[in-house]
Amino acid sequence: MTQDRKTPQGIADAVQAELVELSELMTEPGERECLRCYLLRMINEFGCDGAHRWTIRWRDRRAPRARGLPRRLAQLGGCCDCEVMLNVFPQYPETDRLLPCAGQPQPGSAAPCNLRPLRRTA
Ligand SMILES: [Zn+2]
Ligand SMILES: [Zn+2]
């Protein structure tokens, strides 16, 4: 690293702000995105931090009244986001890439969407 700082602080700040905005957008749960598909997308993209970071973000946006959701999931064996995926939502169609969420029609419901109809194979 040289001491020569050519980048004006203003530009650095603007870039920083843009990055924050971008990550805000990327981590925003879809309007009807179910918890399962959201967690899968976030863990795939950003990983699990050993807590309910994404579960709580989803809950705050999609089911703000489900205060006990992280605790309920923990009781089912999902003590962090990736464990929720493994233990609470183990049924996911076998696929080598993420499927688009089929949509959870009931606002506030943490039940996973039904991806079955999207399966091409019998
Ligand atoms: Zn985890
Ligand atoms: Zn879904």
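**View 1. Zinc ion (ligand 1) in the predicted model, coordinated by Cys48 (SG), Cys80 (SG) and Cys82 (SG)**. The distances from these sulfur atoms to the ion run from 2.1 to 2.3 Å. Donors are N, O and S atoms within 2.8 Å of the metal (3.2 Å for Na, K and Ca); water is not among the atoms, so sites may look incomplete. Along the chain the donors have the spacing C-x31-C-x1-C. Distant parts of the chain are linked by the pair Cys48 and Cys82, 34 residues apart: Cys48 is in the loop between α2 (35-46) and α3 (53-62), Cys82 in helix α5. Helices (H or I, at least four residues) and strands (E, at least two) are DSSP runs, numbered from the N terminus. Cys48 is partly exposed because its relative accessibility is 30%, and Cys82 is partly exposed at 28%. Here buried means under 20% relative accessible area, exposed over 50%, and partly exposed in between (1.4 Å probe, protein chains only).

**View 2. Zinc ion (ligand 2) and its protein donors Cys34 (SG), Cys37 (SG), Cys101 (SG) and Cys113 (SG)**. These atoms lie 2.2 to 2.3 Å from the ion. The arrangement is tetrahedral because the four donor atoms subtend angles of 106 to 112°. For four donors, tetrahedral requires all angles to lie between 85 and 135 degrees. The spacing of the donors along the chain is C-x2-C-x63-C-x11-C. Cys101 and Cys113, twelve residues apart, are both in the segment after α5 (81-88). Cys101 is partly exposed at 26% relative accessibility, whereas Cys113 is buried at 7%.

**View 3. The second largest pocket, with about 160 Å³ of space**. Ten residues line this pocket, and Arg36, Gln91, Tyr92, Pro93 and Arg116 are the closest to its centre. The lining has five nonpolar, two polar and three charged residues. Ala, Val, Leu, Ile, Met, Phe, Trp, Tyr, Cys and Pro count as nonpolar, Asp, Glu, Lys and Arg as charged, and the others, Gly among them, as polar. On a 1 Å grid over the protein atoms alone, a pocket is an open set of points where a 1.4 Å probe fits, with protein on both sides within 12 Å along at least five of seven lines; lining residues have an atom within 4 Å of a point. Grid points are joined across faces, edges and corners, and a volume is the space filled by probe spheres set on the points.

**View 4. Thr55 in helix α3**. Thr55 is buried, as its relative accessible area is 0%. Its C-alpha atom is separated by 9.3 Å from that of Leu73, 18 residues apart along the chain.

**View 5. Gly108 in the segment after α5**. Gly108 has a relative accessible area of 36% and is therefore partly exposed. Between Gly108 and Ala63, which are 45 residues apart in sequence, the C-alpha to C-alpha distance is 4.0 Å.

**Notes to all views.** Residues are numbered from 1 along each chain as its sequence is written, while chains are lettered from A and ligands numbered from 1 in the order in which they are written. In this predicted model local features need pLDDT of at least 70, side-chain atom pairs count only at pLDDT 80 or more, and totals for chains, interfaces and linings use all residues; side-chain values use heavy atoms, with hydrogens and water left out.

Key:
Tetrahedral: all angles 85-135°; square planar, octahedral: opposite > 155°, others 65-115°.
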